[in-house]
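Q: I have a new model open and would like to learn how to read its features one at a time. Could you walk me through it?

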Amino acid sequence: MARSEKSAAAKSETALDRTRLLATLQVQIPDDLLHLALTHRSWSYEHGGVATNERLEFLGDSILGQAVTVMLYNRYPDLGEGELAKRRASLVSTVALAGIGKTIGLGAYIHLGRGEVLTGGREKASILADTVEALIGATYLGLGGDTATALVLRLVEPLIENPDTFGESMDPKTTLQELAATLGEEAPQYEITESGPDHRKVFVATVSIGDLVTGVGEGSSKKQAESVAARQAQQLLADRA
């Protein structure tokens, strides 16, 4: 196949892939905004400093929070402020958004640098969660607030219907501690490392139970990283029980 034909085929496959993603999201985000929403900073670093999805992520985070807050307020008229806040925190958490990203196969579409690809970036909770928020931001800019809100509600609806969403999973660190105690294990211990500039820190949490490392999580805050690590550790302990 000639180089021009290969290039055309690659572009066609990319377009096809994006068409599938948009069909899953049920929105038609303009091409330029979609490309930007899928561009991780690691790709930018390796391609001359092109624009990344970080500003869209910032915008999408705000839209996500507002849409979920209004939905919970209307859906649960008998719940107090504290319980509503807990439910909102659960639905907009890195863990929840990463789960959404995995469900829609988002990792395959993200433009990542080679280093991130080699270290499993397409499955990293923080990258998936950030990209979900960037897609919400892109939808808002390209299609308006009503469409962006509708997208948010479609994405979180399966979580609302899942009885585990507002149960023990709301506080994975407490759940892990209780599970370890039930199994006669030592209390979980967390270690945190951080990297990146002050305005864009990346935290990695490692949780150990005794001499065994049971979970590793990454996030944009210590709390996020510990929550991801604790959830991973829960699964490992549950499999051993």
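Q: Let me start with a single residue: is Pro30 buried, partly exposed or exposed?

A: Happy to help, and please keep in mind that this is a predicted model. The general idea is to take the relative accessible area and see which class it falls in, where buried means under 20% and exposed means over 50%. For Pro30 the relative accessible area is 30%, so this residue is partly exposed. Pro30 belongs to the loop between H1 and H2. The C-alpha atoms of Pro30 and Leu143 are separated by 8.4 Å, although their positions lie 113 residues apart along the chain.

Q: Which other residue of that loop deserves a look, and what is its phi?

A: Try Gln26, in the loop between helix H1 (3-25) and helix H2 (31-37). Gln26 is not a glycine, yet its phi is positive, at about 65 degrees. With a relative accessibility of 56%, Gln26 counts as exposed, because the cut-off for that class is over 50%.

Q: What does the whole chain look like before we go further into details?

A: A good habit is to list the elements, then look at burial and contacts. Here the secondary structure comes to eleven helices and three strands. Read from the N terminus, the order is α-α-α-α-α-α-α-α-α-α-β-β-β-α. The chain has 241 residues, and 41% of them count as buried. Among contacts with a separation of 6 or more, 54% are between residues 24 or more positions apart. The chain exposes about 13300 Å², and carbon and sulfur atoms supply 52% of that area.

Q: How do I read a helix pair, and at what angle do H4 and H8 pack?

A: Start with the angle and the axis separation, then ask which residues make the contact. H4 and H8 pack at about 85 degrees, and their axes are 6 Å apart. The two helices are therefore roughly perpendicular to each other, as angles of 65 to 115 degrees fall in that class. From H4, the contact is made by Leu56, Glu57, Leu59, Gly60, Asp61, Ile63 and Leu64, and from H8 by Asp130, Glu133, Ala134, Ile136, Gly137, Ala138, Tyr140 and Leu141. By class, these residues divide into nine nonpolar, two polar and four charged.

Q: H4 also packs against H5; why is H4 oblique to H5?

A: Apply the angle in the same manner. Helix H4 (residues 54-75) and helix H5 (residues 81-91) pack at about 140 degrees, with axes 10 Å apart. That makes H4 oblique to H5, because 140 degrees lies outside the range of 65 to 115 and is not over 145. The crossing of H4 past H5 is right-handed. On the H4 side the contact uses Gly65, Val68, Thr69, Met71 and Leu72, and on the H5 side Leu84, Arg87, Arg88 and Leu91. The residues of this contact divide into five nonpolar, two polar and two charged.

Q: What about H6 and H8: which residues meet there?

A: First the geometry: H6 and H8 pack at an angle of about 80 degrees, with their axes 7 Å apart. That makes H6 roughly perpendicular to H8. Thr94, Leu97, Ala98, Ile100, Gly101 and Lys102 of H6 meet Ala125, Ser126, Leu128, Ala129, Val132 and Glu133 of H8. This contact has seven nonpolar, three polar and two charged residues.

Q: Ser126 appears in that list; is Ser126 buried or exposed?

A: Ser126 lies in helix H8 (residues 125-143). Its relative accessibility is 9%, so Ser126 counts as buried. Leaving aside residues up to four places away in sequence, Ser126 touches Thr94, Glu218 and Gly219.

Q: Can loop residues be read with the same approach, and which class does Asn53 fall in?

A: Yes, let's take two of them. Asn53 is in the loop between helix H3 (41-46) and H4. At 3% relative accessibility, Asn53 counts as buried. Beyond residues up to four places away in sequence, Asn53 touches Leu36, Ala37, Thr39, His40, Thr131 and Ala134. Ala108 lies in the loop between helix H6 (94-103) and helix H7 (114-118). With a relative accessible area of 61%, Ala108 is exposed. Ala108 and Glu123 are 15 residues apart in sequence, and their C-alpha atoms are 9.2 Å apart in space.

Definitions and conventions
Residues numbered from 1 in each chain as written. Predicted model: local features only at pLDDT ≥ 70, side-chain atom pairs only at ≥ 80, totals over all residues. Heavy atoms only, no water. Axes fitted to C-alpha atoms, helices over the stretch in contact; angles between N-to-C directions. Helix = DSSP H or I, 4+ residues; strand = E, 2+ residues; numbered from the N terminus. Parallel < 35°, antiparallel > 145°, perpendicular 65-115°, else oblique. Left-handed = near helix turned anticlockwise from the far one by under 90°. Contact = heavy atoms within 4.5 Å. Nonpolar A, V, L, I, M, F, W, Y, C, P; charged D, E, K, R; others polar. Buried < 20%, exposed > 50% of the residue type's maximum accessible area, 1.4 Å probe, protein only. Areas by Shrake-Rupley, 256 points an atom, 1.4 Å probe, with all protein chains shown as cover.
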